[in-house]
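Biologist: Hey, I'm new to this one. Could you put it up and walk me through it?
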Amino acid sequence: MDHDIFGEFREYSVAEFFKKNRQMLGFSGKVRSLTTIVHEYATNSLDACDEARILPEIEVWVAEEGEERYRVKVRDNGPGIPEKLLASALATMLSGTKFNRYVQQRGQQGIGATGCTMYALITTGQPVKVVSKHKGTAIKCSLGIDFKQNRPIVSDLIKEDCSPDDHGLEVEGTFADVKYEKSGYGVGEYLKRTAIANPHATIIFNSPEGERFTYPRSIDAIPRKAREVQPHPLGIGPNDLLDLTKGKYESTKLSSFLQNEFTRVSLNKVKELQELVPEVDFNMKPSELTWEQAEKLVAAFKKVKWIAPETDSVVPISTSQIEKSLRNILNPEIVYVTERPPKIYRGGIPFVVEVGIAYGGDVNKDKEGKPASGGVVMRFANRAPLLFDAGGCAITQTVKDIDWKRYELRNFDDEPVALLVHVVSVHVPYTSAGKQSISAEDDLVDEIRNAVMEAGRQVQRHLSGKRKEKEKVSKKAAILRYVNQISGDLSELADEVKKKEKLRANLEKMVQERFE
Amino acid sequence: MAEKETLEKLTGLGKTMVEQVDKGKSPTFEASLRSKGNIEFDKSVGFLRLGDKKEERTFLNVSQARTFMQTVAVANKAKKFLAEDLHTSIRGLYYQLKFSLGEDIDESLFEEQSESNALVEDLEVALSVKREDLHLTTDRKGVVAGNMIVKDNFAGEQTEIDCAQQGRSGWMIPSDVDNGMEFVDIKAKYVLVVEKDALWQRLNEDRFWKKDNCILITPKGQASRGTRRLIRRLADKGLPVYVFTDCDAWGWYIYWTIKTGSMNLAYLGRDFSIPEAKFLGVTMSDIEKFPFLKKLTIKAKEIDIKRAEEMISYPWINMHPEWVSELNKVLKTGQKIEQDALQGERLTFVGEYIRQKIKNKEWLP
């Protein structure tokens, strides 16, 4: 046996890699795959609208085309995409404006929409149809991918003029190996939660059963634009550090690269770092940095005392907006939303946790007003709902570990309660590229727990108030029913039998007054 | 206590509460706290009694309303028993008061007998009366024989009882020896309390009480309220009281309950304790004087050891070095001796033993 094992060796493109590892993008399981498709398009739409300062209006259609085969269409009123970027945005892996930007966004890796295109191609062989209206030009085309080259294939391109006021993007694809389900994992629930987390957006969903769900916006204010910030030395690993050195820094030294590209790195801090890693030449070109050196630098970062990063790079939904949307969409008896300052995890990454709790009323009830489920935890990261991989998520684990009895909720799973937990950060630590669960960073877990407990205390206050009111009434009733007996016995015992009625009246009056 | 006085106390309790209601206040009454923290041994008088801690019971309090109503109902019921001159047990009382509070109320005045026990005690403490004064009887236990004549006014009849004419059975001590009971004549010179009925029968057959002119009582184990009251009343007539029990923790506990009263009934104080009582035996030291007993000891049970350890911790017991030494002997040897063992050589030795002990003043305090 003497054959060359490297005979068939060749390089795989990123697109090929993901084609073979589609579950990493969230395409695992039929229900989840469909939700992922809608998620990717809707997130892109919302991010694009926010970027262009437009109040989003997003309409989604899901139609059954055959056995486990659906057509999905998403249309937004965003800025559209210019012709030269259109193909790469929707049909090239790891491209787009979001990649490698240090700013809070819903999507992060720039593989989402391309992933959907890929999924359409491998399950039905059909390219996706796109209509983009951008600055007075409407482009219609079909988009496929050359997997080997990681390149878009554009066909049927039509270019027309349109009114500059008419803008937006419409993507339509046909997908197989997917399934629509009316469950907590389905498209309907996903869009409902998206609406909750984006009270400035109007979201419409047309279901395969022909129902139309409209979630009108609760507020008219576009969220404050999250500021793009420089990374903090404690917020990165060796890989991130090497990425940052790519290309742009041919003329500078490593020492000035660190000062220019990171927040909180001063000349003095560079000197401190130099003392910690004398073997690294701080006069070298950043692009020449090796993995070993990057590792040593990152280790040195952790030994230096840094000022914490600025926290204004994170923009929460805000207390009043979450409250409005929870009221609008869930119609609960009470709502409480926490308002907490940003915190830092890993010493260098700012984040905010928002927790909203909705209790009673129509929470978790079906259309007929019957309880449909027990306590629900709605997880969000940067305004995007997280529906899957709940078991491994820091939010789920933290909520599960809380002793709900302390908050007058006997058993969380049986109560009419919906808990919204929203983690906002320039870098949400997802456990995988599917971006459906958050990893259990200590600082994050602590903050989530504190926020959930704060919300829990408010519910407790409300419920114990209600309970006390009820008890007062029952206390009154409990004593009142003894009044007749004791009046009779007392009047006899005191040899004043005629006084019985007077005693009774007086005692009744006293009880009424005491337990008013 | 005269029945008239008890009646006045009951009516007074009612009048006070009615006045409170007239003034727009919640009816209340005050009773000494009966919990362990309020029980103290009064060295100057030699018995257990309640301290100064009081507790107010009030009607307008959700946690107390029901028991308060029940207490008033019991007081009123007791008043009726007194007026009708009828007696009943606490269980009888419970049945008298077990009725619905009203047609539309799904609740009875009393659901369980256990509910009535605590509030009878409340009333006893609040009014300084005994339950016997409220015409509530307890189970009889205890038998007496001796030169003593009592007059019993009961059920509208008067009977004279000569305790020297009761044959082999003796006179059974009633639950109440105060109301309607009088001593007509007491010729006996002292009181002998014998723990076990078997030994009482031995001494009765020996006519010990006649020969030694004493009043022979057996409580048949732990002394009942009636028996303790009888001994107390005889002690009040100036008769010395000697107690004769098994040599084990249980027997000694019976002695100490007679002498100082018990924790449970500490609220009854002097009426139910006889601090002047003396302990004749059996003691561990008896083995040294009567060598035949050495072979007749038996192994102490776990409960005996536990009780001995408990007793040695009570200040009213460990203030007597004689008792500490006796208890330590039990703990050390792990042995005990029964009263019955004294019959080991000769049945009539029991009487001789008692005579010798009293004559030589060989008793423990």
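Modeller: Sure. This is a predicted model, and 22 residues of chain A are in contact with 27 residues of chain B.

Biologist: Which elements give two or more residues to the side of chain A that touches chain B?
Modeller: Those are helix H12 (442-493) and helix H13 (500-514) of chain A. H12(A) gives the largest share of that side, 12 residues.

Biologist: And what does the side of chain A that touches chain B look like by class?
Modeller: That side of chain A has 11 nonpolar, 8 charged and 3 polar residues.

Biologist: OK, what ipTM does the predictor give the complex?
Modeller: The ipTM is 0.82, and the pTM is 0.56.

Biologist: And what's the mean pLDDT of chain B?
Modeller: For chain B the mean is 90, with 100% of its residues at 70 or more.

Biologist: Let's switch to the inside of chain B. At what angle do the axes of helix H2 and helix H3 of chain B cross?
Modeller: Roughly 110°. H2 of chain B covers residues 62-84, H3 of chain B covers residues 90-97, and their axes come within 11 Å. Angles of 65 to 115 degrees count as roughly perpendicular, so that is how H2(B) and H3(B) sit to each other.

Biologist: Which residues meet there?
Modeller: From H2(B) you have B:Ala73, B:Val74 and B:Lys77, and they meet B:Leu93, B:Gln96 and B:Leu97 of H3(B).

Biologist: How many of the residues in the contact of H2(B) with H3(B) are nonpolar?
Modeller: 4 are nonpolar, alongside 1 polar and 1 charged residue.

Notes
Residues numbered from 1 in each chain as written. Chains lettered and ligands numbered in written order. Predicted model: local features only at pLDDT ≥ 70, side-chain atom pairs only at ≥ 80, totals over all residues. Axes fitted to C-alpha atoms, helices over the stretch in contact; angles between N-to-C directions. Helix = DSSP H or I, 4+ residues; strand = E, 2+ residues; numbered from the N terminus. Parallel < 35°, antiparallel > 145°, perpendicular 65-115°, else oblique. Contact = placed C-beta atoms within 7 Å. Nonpolar A, V, L, I, M, F, W, Y, C, P; charged D, E, K, R; others polar. pLDDT = per-residue confidence, 0-100.
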